[in-house]
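User: Please justify the terms used for this model, setting each value against its cut-off.
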Amino acid sequence: MSTYDFTTLRSRLHMGASKWVPMERAGVTDPDVIPFSVADMDLLVAPEIIAAIREAADFGVYGYTGMDEAFRAALIGWMERRHGWTVDPGWLVSNFGVVHAAGQAIHAFTKPGDAIVTQTPAYPPFKRITENSGRTFLANPLRRTDRGYELDLNHLEDLCRRPETKLLFLCSPHNPTGRVWTREELTAIAHICRRNGVLIFSDEIHCDFIAPGHTHTVLATLDEETAHNCIMGTSASKTFNLAGLATATTIIPDQGLRRQFRAKTDGYTGGFNGYFGLAASRAAYEHGEPWLSAFLEHLKGNFELCKAFLADRFPSVWTAPWEGTYLLWADFSSLGLDPEAQMRFMRDEAGLWLDEGTMFGPEGIGFERFVLACPRHHLEKALERLDDAARRQGLPR
Ligand SMILES: Cc1ncc(COP(=O)(O)O)c(C=O)c1O
């Protein structure tokens, strides 16, 4: 039995919480209905982090703040212990978020008209920030097999060979499919990119949620050449549920790339972080491991519950194997509903607020993405509502 609390739920209705706002707008007030959409946790933050925020609050002065030595040491210690990566303090650059860093990478390393590749289905901001910056978004669709998703490396090579392709947004582990790329897969991607002069922005924000039997490989640890052809986006925000504190770090081993990136980030934002975000992230990196271990046990239980439930009551629904992330990616196309009707069914009939698969691109049609970082009893109730609604509507399963 965990000493941490993974059962208390704080309703975030009427607080501007991105995940809860759509439900709020629909007038949902049932306390048993919670959203499973945006990737943050409906769980309490580790007490060690709350204590650090309190201490920072008591200090009483919250001026512009950047990384200090203690923060750098804490992050470096985390990367060394958890991921076997020795990071130099000089490689760290401050950002307000990993998406912010990805956006800065677009401006630092590409020009309008250039193309950026990513594996699809894809975390929606990759396409949005690419197109909003006047760059071309190139999809490298993953291939779905019975075992799960696989890379299409030949297609990736074709896309990278195009002269306008300058950047790859690599999502590792992969949102939404939950794939944890193997060392061999990462090596193949890294070689294709190097051969074709394509830089990699490696978004490793989900790197601490790895299912038993899988291993996350930090891209930059593959070899020296790869370390000098990638920049890594990371943050304690996903691992420890601190997204509202807007603090992330970009790790860039290559000095030239770092200078180029810095010229954009520091030029736009002064290179600082959130005062509370730094305090909380430092505490997370220094003291968060026991909480994370307990959370991973809780998460495993939530995945097992969902998988068993769907296998029993919705045998025609395919779910991607859980390798990493806290995201369950499930194909409900056997219900026979078009995307709008599927969303209406989930929300209005089942009281399930999910991220619709279509948000992740055409490969997501028929899919739903569930964030499983929540109290188990709410998940159980949500699944029972899904079963009831499908029965009422007489949907095929
Ligand atoms: C793959 C991925 N990258 C980045 C983010 C967001 O990061 P940030 O809040 O630091 O911009 C998310 C959040 O869901 C994500 O899933």
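User: What makes the pair formed by the ligand and Val98 a polar contact?
Analyst: In this predicted model, a polar backbone atom of Val98 is 2.7 Å from an oxygen atom of the ligand. A polar contact requires a pair of N or O atoms within 3.5 Å, so this pair qualifies. The protein covers 86% of the 390 Å² of accessible area that the ligand has on its own.

User: Which side chains place a polar atom 2.8 Å from an oxygen atom of the ligand?
Analyst: Asn175 does so with a polar side-chain atom, and His206 with an N or O atom of its side chain. Because the cut-off is 3.5 Å, both pairs count as polar contacts.

User: Which residues surround the ligand, and how are they divided by class?
Analyst: Among them are Ala39, Tyr123, Cys171, Asp203 and Lys238. The shell has 6 nonpolar, 3 polar and 2 charged residues. Asp and Lys count as charged, so Asp203 and Lys238 belong to that class.

User: Which pocket does the ligand take up?
Analyst: The ligand takes up the space of the largest pocket.

User: Why is Glu323 called buried?
Analyst: Its relative accessible area is 11%. Buried means under 20%, so Glu323 meets the criterion.

User: Where is Glu323 in the fold, and how far is Glu323 from Arg179?
Analyst: Glu323 is in the loop between β10 (318-319) and β11 (327-331). Glu323 and Arg179 are 144 residues apart in sequence, and their C-alpha atoms are 5.5 Å apart in space.

Technical notes. Residues numbered from 1 in each chain as written. Predicted model: local features only at pLDDT ≥ 70, side-chain atom pairs only at ≥ 80, totals over all residues. Heavy atoms only, no water. Near = heavy atom within 4 Å. Polar contact = N/O pair within 3.5 Å; in protein donor to acceptor, adjacent residues only side chain to side chain. Areas by Shrake-Rupley, 256 points an atom, 1.4 Å probe, with all protein chains shown as cover. 1 Å grid on protein atoms, 1.4 Å probe; cavity = no way out; pocket = protein on both sides within 12 Å on 5 of 7 lines; lining within 4 Å. Sits in = over half its atoms within 2 Å of the grid points. Helix = DSSP H or I, 4+ residues; strand = E, 2+ residues; numbered from the N terminus. Buried < 20%, exposed > 50% of the residue type's maximum accessible area, 1.4 Å probe, protein only.
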